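My notebook is open, and I am ready to look around. Here is what I looked up, entry by entry.

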Amino acid sequence: MLEERETKEPAMNPFQKNESKETLFSPVSTEEVPPQPLSLPKKPPPKICGSNYPLSIAFIVVNEFCERFSYYGMKAVLTLYFLYFLHWNEDTSTSIYHAFSSLCYFTPILGAAIADSWLGKFKTIIYLSLVYVLGHVVKSLGALPILGGQMVHTVLSLVGLSLIALGTGGIKPCVAAFGGDQFEEKHAEERTRYFSVFYLSINAGSLISTFITPMLRGDVQCFGEDCYALAFGVPGLLMVIALVVFAMGSKIYRKPPPEGNIVSQVVKCIWFAISNRFNNRSGDIPKRQHWLDWAAEKYPKQLIMDVKALTRVLFLYIPLPMFWALLDQQGSRWTLQATRMNGNLGVFVLQPDQMQVLNPLLVLIFIPLFDLVIYQLVSKCGINFSSLRKMAVGMILASLAFAVAAAVELKINRMTPPQPGPQEIFLQVLNLADDEVKVTVLGDENNTLLEESLRSFQKMPHYAQLHLNTKSQDFHFYLTYHNLSVYTKHSVEEKNWYSLILREDGKNISSMMVKDEGNKTANGMTTVRFINTLHKEVNISLTTDIFLSVGEDYGVSAYITVQSGEYAAVHCRTEDKDFLLNMGLLDFGATYLFVITNNTNQDPQAWKMKDTPANKLSIAWQLPQYALVTAGEVMFSVTGLEFSYSQAPSSMKSVLQAAWLLTVAVGNIIVLVVAQFSGLVQWAEFILFSCLLLVVCLIFSIMGYYYVPIKPEDLQKPADKQILHTQGNVINLETKKTKL
């Protein structure tokens with residue numbers, strides 16, 4: 001808004017009424033016509049420690065830190081919340097995640113329009129922050145297991161996310177600009193440094209929150225499950241603090257009044273130019289130098305010139321969404337990849353959603369590294385490393401990051417057991433009888449599908465792959481125990497894992513079929529369940545927050561997720577006895593079955609079996625892809641903002657900011673479409689994105705080669721401003737330096 005105000009100040013010059021022609025057509029420097037604010041404060045605003053930094057920016061920076069903590073903290077656990085709490089599949093979780101991200105970058109247009117044309121920045125931030133807080137409250141309520149069922153949780157979650165998207169997107173274009181409004185024009189250097197501090201506060205909030213909120217989710221148990229309500233509630237509390245801190249500085253803020261919606265003016269100008277050109281297609285009408293010149297009948301020349309400069313930059317924005325499509329998958333596809341990796345780094349255990357902390361951490365390291373070291377070395381080598389070239393290199397680095405992610409995905413797949421496909425099941429047999437049992441599995445046509453002999457308390461070394469004739473089918477089992485043969489039948493459904501449990505029933509043998517958890521856990525944690533062979537119900541306290549009961553006489557418990565680690569003494573009790581179970585080491589990502597058996601000489605014991613192997617590949621293998629994509633972000637995003645700001649007229653800065661955010665929104669829509677309709681396996685999808693970005697980088701490089709950068713002093717000359725504010729007899733003169 002400061003830039004918009006600048007265009008109006010020459011009209012307030014008291015010497016303008018008696019200008020000579022020499023004064024009118026001579027270039028006028030900014031020193032000759034100093035900018036004057038709309039309203040002069042009665043006394044200078046308070047400063048920070050005697051510096052030229054207004055005290056009000058301290059409230060704004062703290063507000064931004066808390067708001068970014070709130071946003072990124074909530075977003076860090078969002079994908080796992082969809083997958084594990086709402087029980088959506090990976091593609092749906094990824095799509096909703098990116099739909100939410102996209103909405104967060106569409107709503108800034110609404111926020112900018114409200115601030116510029118109606119409420120002003122201060123009131124817009126206050127009111128939309130209240131909406132933001134309400135969204136967090138609704139989102140946290142939707143994560144309470146005791147509040148309704150699946151439908152209630154889904155509705156509350158979507159409503160909460162919609163309110164959060166409106167809040168965070170609405171205040172996004174206002175907070176940074178409102179901080180810039182606090183500086184006087186003579187303190188432009190301090191204002192530049194403020195934006196650096198502002199960007200630092202964003203990454204500091206993101207860094208801390210992406211590390212803490214996954215801990216709140218995984219290390220704290222609510223109602224026997226991961227505590228998503230707490231993981232969403234703490235970011236909501238930080239948003240309340242952000243709102244309170246921002247409101248505390250109300251009396252010392254400089255609050256420029258709304259000056260009109262420049263976004264609306266730009267859209268109307270472009271639309272009028274297009275429609276006017278379409279209505280004057282006759283060959284008798286002389287052509288004009290530029291298509292925007294067709295708006296000259298209605299709009300001032302200065303606005304048309306500014307829109308021309310704006311459209312040149314917007315044209316370069318066309319390929320940019322593909323970069324954001326890759327960058328924003330850190331919170332979705334890369335987090336899902338981390339769930340199938342081993343987070344035990346020796347010193348500490350890293351949760352899958354905590355890997356996102358690498359991005360803001362590396363941003364804080366890479367920005368000074370690139371500015372002070374890499375760019376300086378490149379400059380000394382005599383290489384012209386322009387802004388557009390930096391952005392192209394950033395795209396290449398992001399493309400390489402996804403190639404590395406594809407290689408990691410292939411390595412994970414080689415270590416992961418295969419999954420049953422259509423008309424297919426995986427079956428294992430577990431013998432809990434006191435002697436050897438021979439098992440024969442027959443199909444519908446009495447053909448032998450499987451034949452195994454198992455000793456007492458032995459299971460098959462691995463799952464057997466059995467084919468079905470239809471999606472569901474009955475299998476016939478013949479059990480030979482001592483001299484007794486038993487026939488039984490069990491139904492199975494395709495794409496599932498099953499365990500056939502054999503148990504002794506007096507002198508007879510019987511069996512039961514249970515469905516296993518064949519896939520890895522959604523959050524990368526360890527999964528356990530119990531079979532109780534005792535004649536009494538057993539209550540098990542896995543941790544201080546996790547309790548379960550297992551019925552007597554071969555009761556089978558549900559699956560329970562726990563943190564990996566050593567469980568040497570798990571407290572258990574029956575109606576008349578307390579005892580401890582030694583479960584040993586529970587490895588990261590594995591699935592275990594424990595059979596509680598009676599021991600006549602000692603307390604009951606647990607027989608341990610591993611159904612699904614642990615994650616073998618370390619999560620540290622994701623470090624190269626995070627380093628590459630973050631380096632690409634620093635070269636692309638930071639440089640792109642700087643380039644865009646330098647190439648846009650002062651009155652178009654806010655429009656360009658909204659357009660930049662729109663490219664992020666479109667990038668998330670690209671991910672949404674690919675996730676829903678590509679049908680590719682994950683490594684192939686990573687390769688697809690990598691190749692698409694390389695193609696886009698080539699197109700962007702060609703566009704950048706033909707782009708002629710505008711010098712900042714040519715964007716808006718003081719002489720231009722003065723001509724625009726003269727009377728109608730000179731309003732149509734060309735706005736250029738004219739020598740008498």
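I began with Phe 100 and skipped residues up to four places away in sequence; it touches Tyr 71, Met 74, Leu 78, Leu 161, Ile 164 and Ala 165 (contact means heavy atoms within 4.5 Å). I noted that this is a predicted model, where local features need pLDDT of at least 70, side-chain atom pairs count only at pLDDT 80 or more, and totals for chains, interfaces and linings use all residues. Residues are numbered from 1 along each chain as its sequence is written, and side-chain values use heavy atoms, with hydrogens and water left out.

Next I looked at the largest nonpolar core (buried Ala, Val, Leu, Ile, Met, Phe, Trp, Tyr and Cys residues joined through side-chain atoms within 4.5 Å; buried means under 20% relative accessible area, with a 1.4 Å probe and protein chains only). Among its 128 residues, Leu 78, Tyr 81 and Phe 100 touch the most other members. Helix 14 (residues 387–415) gives the largest share, 12 residues (helices are DSSP runs of H or I, at least four residues, and strands are E runs of at least two, numbered from the N terminus). I also found a second, separate core of 24 residues, which includes Leu 468 and Val 486.

Then I turned to Met 609, which sits in strand 22 (residues 605–612). Is Met 609 buried or exposed? Its relative accessibility is 5%, so I wrote down buried. Beyond its neighbours within four places in sequence, Met 609 contacts Leu 430, Lys 459, Thr 591, Tyr 592, Leu 593 and Val 595. I also checked Gln 458: it is 151 residues from Met 609 in sequence, and their C-alpha atoms are 9.5 Å apart.

Notes. Buried means under 20% relative accessible area, exposed over 50%, partly exposed in between (1.4 Å probe, protein chains only).
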